[in-house]
Amino acid sequence: MTLDLKLDDPHPAHRADDMAQGVLGREQDRPDGWVKVTGTAPYAAEPQPAGMLHGMLVRAPGLGRVRLTNAEAVRAMAGVQLVLQDARLIRNAAQGTANEAPIQGVEEAEYIGQPIALVVAETFEQARHAAQAVQVDCAGADHPVRPRDTTPETPEDKQFARGDLDQAMREAAFRVEATYTTPSMISAAMEPHAALAEWDGAVLTLRGALQMLRFNRNELADSVGLPAAQVRVLAPYVGGGFGSKLGISPDCVAAALAAMELGRPVRVVQHRRQVFEVNTRRSETRQRIRLAADAQGRLIGLGHEALVSNLRGEAFAEPVLQASHFAYGAENRALRMQIARINRPAAGSVRAPGEAVGVTAFEVAMDELACAAGLDPVELRRRNIPSRDPERDVPFSSHRLAAVLDDGARRFGWSDRPPAPRQRQDGEWWIGSGMAAAFRVNAVMEAEAAITLTTEGAQVRSDMTDIGTGSYAIFQQIAAEVLGLPLGQVEVLLGDTDLPPGSGSGGSVGAASTGTAVWLAAMEIRRQIANRLECEEATLTLKDGAVVQGNTRRALAEILQGDRLEGHGHLTPGAAAKKVRQATFGAHFAEVAVSDVTGEVRVRRMLGSFAAGRILNLRTARSQCHGGMTWGIGMALTEALEHDPRDGQVVNRDFAAYHVPTNADVPPLEVHFIKERDDWAGPLQAKGIGELGICGAGAAILNAVHHACGVRLRDFPATPDRVLAGLG
């Protein structure tokens, strides 16, 4: 039986608070942790079926029309089974949504490093050697690089204006007008993109490093020309994604086509430089921010303009303005987005697309306004919290910004901070602290899950992925809580398109979407138990494998009598998204030390306070915030994907040159959660947490740099040379 739910209205019952098992919301270990730390979890590239061949992508060394000039000679090399040139190959990873199919056809290189062919051989070494031997002719006199339109596109649906911002700026008691730039960035997940394809003549099976299987199966089927029913995708374990694995990637399509042609399993693994060059990056941004405030520090005008980039034909545009539409109130508003088409690897979703860079720049501007108005930065934000969505004029489903600001300030010791910059020095080090608010849109996606209950326990099934976020853990907790079972009696199966289609891991929707589907499936089983007892479901108490109804306690096994109960949950988004504004909120606080000699910045401590609905597992939620705050350190101080300005080639294409924060860069991170029960978030009342932690984290550090040494940086990251130049 299926329990369907469409999110149209609030759910004030708070049934999750009524359950008796007591495992939901607690800090629980990951059930998948043991197989991961022992190295027995099968990631995409690790199975080795009999007869497996190895593939290596061939990539374009230049732009324009491409031609392999020695393909026949390469085919004759030792061990080589295939040099695949096929119009069905894709030029870059897809976005992993229902509306954006991967772009096929690689006869023309749109960026340096674009995959254009695949070499398949008996061994990895033979495939790599042969791929390196392929000679590629790019462009030439007969095939010049297509000129690009230098005028950026201005999509109509990404603009908003109301009132007269220019007049508000003229009349403001305090104002800020500044331009901020953020560089291109890369996801850099621990597991490289990889695919292992097998074709038995009827079904194409692909093991891939992928995040959104319900979409990935359709993308792969469409690319190779098969019905979706003949494609199975497996991704039970994924070593991080951060957006780069949302859509099917070139290695997946290439491996599938080669396996179908050769009739043998084919594995294609991107090496680290390919990971940096082939897969979607975060767009660089240029953001012009205008803030106008009255004498009390209340905003009367707000402007946010952003220029981003992408390849020709790509629909995605980094949604820089996403939080600026609702974060603060201001009657006069102007938000504008433009997209430049350039020859660089495709831009796509990277952890917290939009807010990660948009909130970072905006919260630095808010700090500048606080300095101009002589207001405490926390108080400035409190004064500008809107009572309703300032553009759509609908209520917030819940709004806990004031609560997280107060909680974070109290725990951090914000009141001890001297108001003026350059007040504390320890030898060569200037010491300062800064803060920023965090905003992230909240949404759900359609999701399904199934549960089978027997006398042995429960089995939860969905094609939902776990990319390190804790899906195995929280789904186990949800089912155990609703069915009254010890955690050890709940098995969770994920990452297989033969299972019910979940939401996938992306956009911080997984826990709330597929988690709610698991909840619904478990509630359907509770309904069936109640029917057997001829009572109302709400009168049941399920705990430790027993059912209590009235004054009667019976073992669950006695009620089942050897039967299997099947529950299926199906969640769909509804009108709630139009009736209210849903969001998650946070507040970041950071203390830094800045060297007066070298310009080096060291983060000494960070604290975050967050409101993200019901926290399902304290450990996994805290871990997600730790990860986001670490990303914030990288964004503020170290990370920048550098491109050659002449041709767009990625220059720093490995971890030796692309600097992510390491253990020495990350201080103890303190994370706290504010209790929140958002009735509009569904019966589980869970909201997204995975990306909230990065939003504004970098701004808190950059604001702390200014407070420490007086240097205000608007071109990120704050590398020592830039800080030193500001110190003079």
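The expected span of a helix is taken as 1.5 Å times one less than its number of residues. In the predicted model described here, helix H6 (residues 250–262) offers a direct application of this rule. H6 has 13 residues, so at 1.5 Å a residue a span of 18 Å is expected, and the C-alpha atoms at its two ends are indeed 18 Å apart, in agreement with that value. H6 is mostly covered, with 10 of its 13 residues buried. The buried positions are Pro250, Asp251, Cys252, Val253, Ala254, Ala255, Ala256, Leu257, Ala258 and Ala259. Just after H6, the backbone at Gly263 adopts a positive phi of about 70°.

Strand E2 (residues 53–59) is likewise mostly covered, and seven of its seven residues are buried. Burial extends to both faces of E2: Leu53, Gly55, Leu57 and Arg59 are buried on one side, and His54, Met56 and Val58 are buried on the other. E2 is joined by three bridges to strand E14 (residues 266–269), and these two strands run parallel. Within this pairing, His54 has Arg267 of E14 as its bridge partner. E2 also pairs with strand E6 (residues 115–121), here in the antiparallel sense and over six bridges. Met56 is matched in E6 by Val119, its bridge partner.

A further set of strands forms an open sheet of five members in the order E8-E18-E17-E16-E9, with mixed pairing. Strand E8 (160–162) and strand E9 (174–182) are the edge strands, each of which pairs on one side only. From one strand to the next, the twist averages 10°. At the E8 edge, three bridges connect E8 with strand E18 (residues 332–341), and the two run antiparallel. Ala161 stands opposite Ala334 of E18. Helix H8 (residues 355–373) lies across E9, strand E16 (285–293) and strand E17 (299–310), and its direction is at about 150° to E9.

Strand E21 (residues 447–454) is another mostly covered strand, with eight of its eight residues buried. Ala447, Ala449, Ile451 and Leu453 point one way from E21, whereas Glu448, Ala450, Thr452 and Thr454 point the other way, and all of these residues are buried. E21 runs antiparallel to strand E27 (residues 565–573), to which seven bridges join it. In that pairing, Leu571 of E27 stands opposite Ala447. E21 also pairs with strand E22 (residues 457–461), in the antiparallel sense and over five bridges. The bridge partner of Ala450 in E22 is Arg461. Together, E21 and E22 form a hairpin in which two residues lie between the strands.

Helix packing was examined for one pair. Two packed helices are described by the angle between their axes and by the distance between those axes. The axes of helix H11 (residues 471–483) and helix H12 (residues 510–533) come within 9 Å and cross at roughly 25°. Angles under 35 degrees count as roughly parallel, and H11 and H12 are therefore roughly parallel to each other. Their crossing is right-handed. From H11, the residues in contact are Ile474, Phe475, Ile478, Ala479, Val482 and Leu483, which meet Gly510, Ala511, Thr514, Gly515, Val518, Trp519, Ala522, Met523, Ile525 and Arg526 of H12. An α-helix has 3.6 residues a turn, so residues three or four places apart point the same way.

Several loops contain backbone features of note. Most residues other than glycine have a negative phi, and most peptide bonds are trans. Asp393, although not a glycine, has a positive phi of about 55°. Asp393 is located in the loop between helix H9 (377–383) and helix H10 (401–412). Ser508, also a residue other than glycine, has a positive phi near 60°. The loop holding Ser508 lies between strand E23 (490–493) and H12. Because its relative accessibility is 16%, Ser508 counts as buried, the cut-off being under 20%. The peptide bond from Phe716 to Pro717 is cis, with omega near 5°. Pro717 is found in the loop that lies between helix H16 (697–709) and helix H17 (720–727).

Note on methods:
Residues numbered from 1 in each chain as written. Predicted model: local features only at pLDDT ≥ 70, side-chain atom pairs only at ≥ 80, totals over all residues. Heavy atoms only, no water. Pairing = 2+ DSSP bridges. Helix = DSSP H or I, 4+ residues; strand = E, 2+ residues; numbered from the N terminus. Axes fitted to C-alpha atoms, helices over the stretch in contact; angles between N-to-C directions. Contact = heavy atoms within 4.5 Å. Buried < 20%, exposed > 50% of the residue type's maximum accessible area, 1.4 Å probe, protein only. Parallel < 35°, antiparallel > 145°, perpendicular 65-115°, else oblique. Left-handed = near helix turned anticlockwise from the far one by under 90°.
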